[in-house]
Amino acid sequence: MKLEELIEYLDYRDLVNFKSVEISGISYNSKTTKKGDIFVCLVGEHTDGHKYAQMAVNNGAVALLAEKPLEIKIPQVIVTNTRHKIADIADRFYSRPSLGLNLIGVTGTNGKTTVTHLIQRIFEENQQKCALIGTLGYKLSSNGEYRDAKHTTPQAPELQATLRMIKDVEKIDNVVMEVSSHALEQNRVGGCRFDGAVFTNLTQDHLDYHITMENYFQAKAILFKNLKEGCFAVVNADDKYASKFLDITPKVVNKYTYGVKNNADVMAKNIEFSLNGVEFVLSSKYGDYKMSLHMNGMFSVYNVLAAITTAIAENISIEVALKALENVKGVAGRFEVVAKKPLVIVDYAHTPDGLENVLNSAREITPKDGNLICLFGCGGDRDATKRPKMGAIAEKIADKIVITSDNPRSEDPQQIITDILTGLKSVNPEKVTVEPDRGRAIELLKTISVNNDVIVIAGKGHEDYQILKDRTIHFDDREEARKVFEGTSI
């Protein structure tokens, strides 16, 4: 594509050394820049891409997208914000792929991964192909392998290239995608034309980045504000932000709600939990249906309601949706049972609300003569205000807690643990165990549990690594738990 074609609709401030050159790719990492690329000088929290422009040119870049003119003798397109404009040129370079797709975005603090997987299964049960993009990577079918993704929502060039591949190469017309607040705030999904948006919940997370809950809400709200006539919005009526999401959604958009407590279009009633899963009556204006799920926990009920309501918005019958979901056993690292005696559950919960939900769900299936044990930590270089809150939640709901490291990153693991401990009313050694080494902490679970206990290992879920100060190591909670409880794993 010629440079002048690439920037035809771009809102730029200036052109420097401009001439017609052929653009064969988009790069924002000077180390991986190839011949013919336009190099985008991204300005981030820790790096400034302008410093690496010459290296990118040395590696073959033929043009620059920058926020200021540079002393480099190649065409430069000067814009106000490269982080936002990279999405515009990526959308243009890949010929606006989302226009040819039925694209559904799922956003919220918790539940995004599970809901996207459930929606994918429903489409397939309806004899429609559906690709998925999210935390675990992207995959082209529910039975397919994940392909790697570095973020919940990829950077714009990778995202647009993936959408184009899904449409043209794989011949798939439906895509369901997790959309993070960072991706919305940083315009990584800029150019994407969403046909539907799904809201799960909004609770404290990422305040190290967004600073306030209002900012966090406004970031999520971008997905709904940009919906066009004929699109749909699916909103959790039980969340305290529900009315705000409904209010900011354009009037020409079809709105659907789901919930358990508040009146909604689709509701779950007569909910009963057991070791085998959960049963409830799905109640809606389209009829009442008995549901029996192999998934567990109240959060699973909400996730299923979100997926079924999306199916309704997509004109897929409830009968098809129910058939698709009744055999689903969950998503990797989400309330995943890895041992039976004691019952050991690994979950990705890493926010106060997420931890509270998973512990309440685990409490529902804890035998009367058994203890609920919770092992967790908090990530370093992230919102520190949630640490004492998570400590207080664990102390309130669990009978025993083990506090350890999560991904400490550049922080001192002991300081993170100290922050968690400030949320506890008392550090009774009969109830509270502290072990900074996560591997040893999981081993300790064997010594403080018996067969009829329920253990929740929270925080990392599907992750198979641990980020330390000076390196990243292989570490998988599920593998570690299976080694410790060998003979009882499933």
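Q: By class, what residues does the lining of the second largest pocket have?
A: In this predicted model, the lining of that second largest pocket comprises nine nonpolar, five polar and three charged residues.

Q: And which ones lie nearest its centre?
A: Of the 17 residues that line the second largest pocket, those nearest the centre are V189, G190, G191, C192 and N226.

Q: Which elements give two or more residues to that lining?
A: Two helices do so, namely α6, which covers 181-185, and α8, which covers 213-225; α6 gives the most, with three residues.

Q: How much space lies in there?
A: The second largest pocket holds about 340 Å³.

Q: Switching to the whole chain, how many helices and strands are there?
A: The secondary structure of the chain comes to 16 helices and 23 strands.

Q: What about the radius of gyration, and how does the chain sit against a compact globule?
A: The chain has a radius of gyration of 24 Å, which agrees with a compact globule, because a globule of 490 residues would be expected near 23 Å. Along its principal axes, the C-alpha trace spans about 75 × 55 × 40 Å.

Q: What share of the residues is buried?
A: Buried residues make up 58% of the 490 in the chain, while the area that the chain exposes is about 21100 Å², with carbon and sulfur atoms supplying 47% of that area.

Q: And what part of the contacts comes from residues 24 or more positions apart?
A: Counting the contacts in the chain with a separation of 6 or more, 65% are between residues 24 or more positions apart.

Methods:
Residues numbered from 1 in each chain as written. Predicted model: local features only at pLDDT ≥ 70, side-chain atom pairs only at ≥ 80, totals over all residues. Heavy atoms only, no water. 1 Å grid on protein atoms, 1.4 Å probe; cavity = no way out; pocket = protein on both sides within 12 Å on 5 of 7 lines; lining within 4 Å. Points joined across faces, edges and corners; volume = space filled by probe spheres on them. Helix = DSSP H or I, 4+ residues; strand = E, 2+ residues; numbered from the N terminus. Nonpolar A, V, L, I, M, F, W, Y, C, P; charged D, E, K, R; others polar. Rg over C-alpha atoms; globule rule 2.2 N^0.38 Å. Buried < 20%, exposed > 50% of the residue type's maximum accessible area, 1.4 Å probe, protein only. Contact = heavy atoms within 4.5 Å. Areas by Shrake-Rupley, 256 points an atom, 1.4 Å probe, with all protein chains shown as cover.
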